[in-house]
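Me: I have a model open here and want to talk through the fold. Can you start with the terms you will be using for the sheet?

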Amino acid sequence: MDIYGALYTTRAMRRVKTDPIPEDVVKRLLDAAIRAPSGGNQQKWRFLLLADPAKKARLQTLYREGLTELNATQYKSVMDLIRNGDPHDPAVIQAKKTNASAEWLADNLARVPLIVFAWGKPNGESSIYPALWSLQLAATAEGVGSALTTLLFKKHTQQVLDILGAPEPTEWVPMAMVTLGYPTGRWAVAQRQPAHEVTFQDSWGVPVSWRVEEPLWQ
Ligand SMILES: Cc1cc2nc3c(=O)[nH]c(=O)nc-3n(C[C@H](O)[C@H](O)[C@H](O)COP(=O)(O)O)c2cc1C
């Protein structure tokens, strides 16, 4: 797979099989992740690989709780759109798909074969995202589906850290987890708001002279 193939098709692939990921694949994913850039090349990151079924089951309970609460608060307008919107509206169709996929994860987290948790250092936390994105791109190249989620660190941070035996969040800041497994579905190009609609030329608000109506990789 060329790099553009991975860039265009790496999506939140939440539905996965229970088959374990071989250790040599896991090693390649982590080895790719730690090649990523970091502020001052500090490499202040830590990863924890979770495959333990009992711990995953405890985390699933927290994840389910977290998503149910988000659906009733932050995502309420999306949930209203799903319930009351025109079922033929592409926005409604997309929202339903994302919601169904997110619900699957909340009900099946314990079945996901491997979860990678990631930490950064206070004031340098953002350096974790290039590393996790590299890990996700490498996963795609290996035929492994991945999904980055932050939900467990919204309301349940301390409970999650306790389950993982992790230090206080003042020392290492828990940032995200990436679920990994062999996909049940197929990869497809991500549909997004086009580049020309979100890019300015020289001054804020000045449109660029070009347009990209269709994805430029196929
Ligand atoms: C910083 C960040 C946090 C995210 N948190 C969650 C999350 O908590 N739960 C989840 O299901 N997906 C999460 N996602 C995945 C997004 O929902 C997903 O990338 C987006 O809906 C686009 O979907 P697609 O990749 O399938 O096109 C997160 C993504 C990012 C970049």
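Reply: Strands here are DSSP runs of E of at least two residues, and helices are runs of H or I of at least four, both numbered from the N terminus. Two strands pair if DSSP finds at least two bridges between them. This is a predicted model, in which local features need pLDDT of at least 70, side-chain atom pairs count only at pLDDT 80 or more, and totals for chains, interfaces and linings use all residues. Residues are numbered from 1 along each chain as its sequence is written, and side-chain values use heavy atoms, with hydrogens and water left out.

Me: Fine. In what order do the four strands sit in the open sheet?
Reply: The order is β1-β2-β4-β3, with antiparallel pairing. β1 (45-50) and β3 (145-149) are the edge strands, each pairing on one side only. From one strand to the next the twist averages 20 degrees; angles run from 0 to 180 degrees between N-to-C directions, with axes fitted to C-alpha atoms, for helices over the stretch in contact.

Me: How many bridges join β2 to β4?
Reply: Seven, in the antiparallel sense. One of the partnerships is I115 with T179 of β4. β1 and β2 pair over six bridges, with F47 opposite A118 of β2. β3 pairs with β4 (residues 173-181) over five bridges, and T149 has M177 as its bridge partner there.

Me: Is β2 buried or exposed?
Reply: Buried, meaning under 20% relative accessible area (exposed is over 50%, partly exposed in between; 1.4 Å probe, protein chains only). Seven of the seven residues of β2 are buried, so the strand is largely enclosed by the rest of the structure. L114, V116, A118 and G120 point one way, while I115, F117 and W119 point the other way.

Me: Which helices lie across the sheet strands?
Reply: α2 lies across β1, β2 and β4, at about 165 degrees to β1. α6 lies across β1, β2, β3 and β4, running at about 5 degrees to β4.

Me: And how do α2 and α6 cross?
Reply: The axes of α2 (residues 23-33) and α6 (residues 128-141) come within 7 Å and cross at roughly 140 degrees. Contact, meaning heavy atoms within 4.5 Å, is made by L29, L30, A32 and A33 of α2 with A131, S134, L135, A138 and A139 of α6.

Me: Different topic. Which residues touch the most other members of the largest nonpolar core?
Reply: L59, Y63, F117, L152, V160 and L164, out of 26 residues. A nonpolar core is a set of buried Ala, Val, Leu, Ile, Met, Phe, Trp, Tyr and Cys residues joined through side-chain atoms within 4.5 Å. α3 (53-72) gives the most, with five residues. V160 is in contact with L59, L62, F117, L152 and F153, leaving aside neighbours within four places in sequence.

Me: What does the second core include?
Reply: That separate core has 23 residues, including W45, L114, V116 and L180. In soluble globular proteins, nonpolar side chains tend to be buried together.

Me: Last one. Where is S127 found?
Reply: S127 is in the loop between β2 and α6. Not counting residues up to four places away in sequence, S127 touches P37, S38, G39 and W45.

Me: Why does S127 count as buried?
Reply: Because its relative accessibility is 17%.
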